Amino acid sequence: MQITSLVFVLFLCAVLAAYFLAPKKWQWVVLLAASLAFYCTYDVRHLAFVLFTSFSTWGATMAMARLDAAQKRYLGGEGKALSREDKAAYRAGVKKRKKRIMLLALLANLSILLVFKYFHFALEQVNRVLSIFRAGPLRDPFRFLAPLGLSFYTFQMLGYLLDSYWGNVAAERNPLKTLLFCSFFPQMTQGPISEFGQLSEQLFTGHGFTYRNWSWGSQRLVWGLFKKMVVADAFAPAVQRVFAQYGSYSGASAFLGILLYAVQIYADFSGYMDIMCGLCEIMGIRLTENFDRPYFSKSVAEYWRRWHISLGAWFKRYVYYPIGVSKWNRALGRSARARFGKRFGDMLPASVALVVVWLATGLWHGANWGYAVWGLLNGLFIILGLWLEPVWAACRAKLRVREDSRPWRTFQALRTFLLVAFIKVLPEVGSLRDGMGLWRRVFTGRSLPRGLRQLLPFVDWSSSFTAIHFFVACAGTAAMLAVSLLQRRRPVRSLTEKWPMPLRALLFAGVILLIAVFGVQNTWMGGGFLYAQF
Amino acid sequence: MRSFRRALLSILCVLAILAAATAAVLGLYYTTEYQTYTDSFLRRDLAGSVDFLVLGSSHAENGVVPAILDEELGVNSYNISGWVMPMAAKRLLLEKELARNPIRTVVIEIAYDTLSRSNDEDFCEGDEAVIARLDTMGERLAYMRENLSLNQWADVYSRAMFRGAQVWLKKITGAPGLDRAAKGYFGKEAAPLSLRPEEIGPAFQSEPFSVDTYRPENAAILEEIVRLCREAGAEPVVVTVPVSERFLWVTRGQDEFLGYMRDLCGRLGCPYWDFDLWRGRFDLLDDDTSFRDLTHLSDPGARAFTPVLAACLREAPDPSLFFDSYAEALEHSAYCER
């Protein structure tokens, strides 16, 4: 079911009606039924993987919870008389068994992800090596399409498993509720990757209908559709043309193409989030926010705290911290401190953890070298920022730059935007070589475009239809920028809330009309959501 | 309950505004003659006088000039072809015109891709054009109900609103309306072809083309169209309008299409002329001036081609005027040397 289709809108209406008509106690069942039905419209066979991930995680968390309960019962009863050493040995035994269960579930779920997403990539590398020795290529037995949302729901369930193992959350007893947490349709295919403690309570408790939730949620939902259908989908064919034909473009056109992709991917991904967060808001459920005006960030590190927030938080919680505090990394830090001083000793373990995190982030986005380099580049800029901070601080002091001044902040935001926009295109153009070719083109394509048609060669000027849609999308980008600027202090919806209802309805209807007239046609050019492929 | 009432009121308010905007935009679109396909008033005015009909898709819409047919054949012709028009829509429009006109000849244009078209996809530009051509809102809604899925309704609404907005713009700026004298023909300027001559070479001769994509239901409708024509006393003639030489050269497998069409028309007992195989085509039609894109004639191309069609209609052409196959035709192409 395409999310930007009329069928999906009708599906949402049916889900909302059923949700609010159902007794609060059973609302979660409505959500589960809707989620499974939604997923089945893509490929019913892939539901098997969702069920496996859900039930294996449920089984593991329940088994760990039982061990915890048994330990508590034993140490509170029969085991009270044990010596401290015996108690510690008993606890260590339980912990070991819990760890075994956790690792088993973790490997089972990760293996699905690895097979579907990375096996082909790994095999390609093996075949490349084999070809050096003139050996025949190995055949790929797993060349199927990866289940929709696999990376997202696997990470979400791994997070739940680890939280449960660490004792941060109580295990959910009801397997169907665990299945709902895994398959909740607004976030299953493209995130956000929610924490169990944050989402489960909202999913499983009932919510009444309130006008405020309805008004705010529906405004956000429609705004998300506008971003995706009117802006992102209109830019998609132009961006594809840039990626395919950049070699014949001037530097200025190639540069504009890079900016266009930055706008497209933001409108695409944040549009999806707005649609789904808006829908959940109507139901009284608050999803984790995934965006916080990321293109206004002042550094790459800040950008990644404001773009795809839930993925960054996941890596921080489940990869960065565990590596940071691991025995081998702390030993590395101690050794570095002894040899090269305190600052080096403090920075090295963090940098090692960052390299691992950013390599994993890159590979999470796609199994190819382009994404790996893209991830490492992001990590490199963040690590450089950390290491060179004293140097920057000295430079700023010397140049007497006031850090809170508007020109300086604007410069920082522009610098970061350009940097991330350039990094973003690297894995998207085709191969890594193509990505670098596009970069090179920006600086070497010296011919000066004469007129708008030459400056924007990626617009299909032969069709007034697509050209109009492109310029409407440019106006839509300006509207997105204006909304982002307005949102610095408070949500725009709190401003429109004060308007009389007919005026609000007029604005609402106007945006819906824009979507109907321009957006619906763009969906043929734009294809699906960019993040659905990850 | 109060919350629910307020929400309902806001929904009704938004729906009322949307309905008003839709009525204003579509009302003007369907009741004025600003766009190519809003020709229902013109066709109603011509009712009872049209004796020659051209029925096809964009290739015929851009390629056959009724004014030339009128002059050459002494008929009153109308070109009711439309961009990506589904076969079912062709049958519907033909039925309407046969019922109100003394039609003697129907030129049915079939291109290499006509019979692959389906209504399975949500993209339905052709349907929107047909809907604009119908006479009443009732007919339009009936067509949509019978032929379109839910998502296609959204697509048609979107297209109609877009064109309606263009009509408003034309009305405001005082742009000229539909050219009634063109009688359905939509001439376009020649444009440089996207495929450059120097790019033509063996590497481009691999684009697959297969009649396996043809849908039996489309062939069945073609059969029905031929039957309808005969029942109304009109002679059906099936033709293929020329595409650019470059397209001909890069699209391999066209002989499959030729064989399919010859078989089909042989079974139906009606003449079939593929003007891509007309021996004079390479001299008559030049890729740079006679085409508006790889597969559609430009206005100069249409004005050069229509007299050839008229001549064939006046007197059944000698088979020797046509190449036997695409393979033979390509041997005479300028690109053959490359």
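How many residues does helix α20 of chain A have, and how far does the helix reach from its first C-alpha to its last? The legends below begin with this helix and then turn to other parts of the predicted model.

**View 1. Helix α20 of chain A, residues 464-486.** Helix α20(A) has 23 residues and reaches 33 Å from its first C-alpha to its last, which is close to the 33 Å expected at 1.5 Å a residue. Within this helix, H469(A), F470(A), A473(A), G476(A), T477(A) and M480(A) are buried. As general background, an α-helix has 3.6 residues a turn, so residues three or four places apart point the same way.

**View 2. The contact between chain A and chain B.** Here 22 residues of chain A are in contact with 23 residues of chain B. On the side of chain A that touches chain B, at least two residues are supplied by each of the helices α1 (6-21), α9 (211-245) and α22 (501-526) of chain A. The largest share of this side comes from α22(A), with 13 residues. Sorted by class, the side of chain A that touches chain B has 17 nonpolar and five polar residues, and no charged residues.

**View 3. Domain 1 and domain 2 of chain A.** The domain assignment of chain A gives domain 1 as residues 6-208, while domain 2 is made up of two stretches, 211-287 and 429-534. The C-alpha centres of domain 1 and domain 2 of chain A lie 33 Å apart, and 14 residues of domain 1 of chain A are in contact with 15 residues of domain 2 of chain A. On the side of domain 1 that touches domain 2, the elements that give two or more residues are α1, α7 (185-188) and α8 (196-204) of chain A, and α1(A) gives the most, with three residues. The residues of that side of domain 1 of chain A divide into seven nonpolar and seven polar, with no charged residue among them.

**View 4. The surroundings of L530(A), in the segment after α22 of chain A.** L530(A) is buried, because 21 other C-beta atoms lie within 10 Å, and a residue counts as buried at 20 or more. Leaving aside residues up to four places away in sequence, L530(A) touches I265(A), D268(A) and F269(A). With one of these, D268(A), the separation in sequence is 262 residues, while in space L530(A) and D268(A) are 6.8 Å apart, C-alpha to C-alpha.

**View 5. The open sheet of chain B, with five strands.** The strands of this sheet follow the order β2-β1-β3-β4-β5 in chain B, and their pairing is parallel. Strands β2 (77-79) and β5 of chain B stand at the edges, each with a single partner strand, so one side of each is left without a neighbour in the sheet. From one strand to the next, the twist averages 20°. Helix α4 (residues 66-73) of chain B packs on the sheet, where this helix touches β1 (52-55) and β2 of chain B, and the direction of α4(B) makes about 155° with that of β2(B).

**View 6. Strand β4 of chain B, residues 235-240, and its partners.** Strand β4(B) is mostly covered, as five of its six residues are buried. β4(B) and strand β3 (residues 105-109) of chain B pair in the parallel sense over five bridges, and E109(B) has V239(B) of β4(B) as its bridge partner. β4(B) and strand β5 (residues 272-274) of chain B also pair in the parallel sense, over three bridges. In the pairing with β5(B), V238(B) stands opposite Y272(B), and T240(B) stands opposite D274(B).

**View 7. R293(A) and R400(A), two loop residues of chain A with positive phi.** Most residues other than glycine have a negative phi. R293(A), however, has a phi near 45°, a positive value in a residue other than glycine, and R400(A) has a positive phi of about 55° although it is not a glycine. R293(A) is found in the loop between α10 (251-282) and α11 (300-306) of chain A, whereas R400(A) has its place in the loop between α16 (389-398) and α17 (406-425) of chain A. Is each of these residues partly exposed or exposed? R293(A) is partly exposed, with 17 other C-beta atoms within 10 Å, while R400(A), with 6 C-beta neighbours inside 10 Å, counts as exposed.

Key
Residues numbered from 1 in each chain as written. Chains lettered and ligands numbered in written order. Predicted model: local features only at pLDDT ≥ 70, side-chain atom pairs only at ≥ 80, totals over all residues. Contact = placed C-beta atoms within 7 Å. Helix = DSSP H or I, 4+ residues; strand = E, 2+ residues; numbered from the N terminus. Nonpolar A, V, L, I, M, F, W, Y, C, P; charged D, E, K, R; others polar. Buried ≥ 20, exposed ≤ 12 C-beta atoms within 10 Å, placed from the backbone. Pairing = 2+ DSSP bridges. Axes fitted to C-alpha atoms, helices over the stretch in contact; angles between N-to-C directions. Expected span 1.5 Å × (residues − 1). Domains from an automatic or database assignment.
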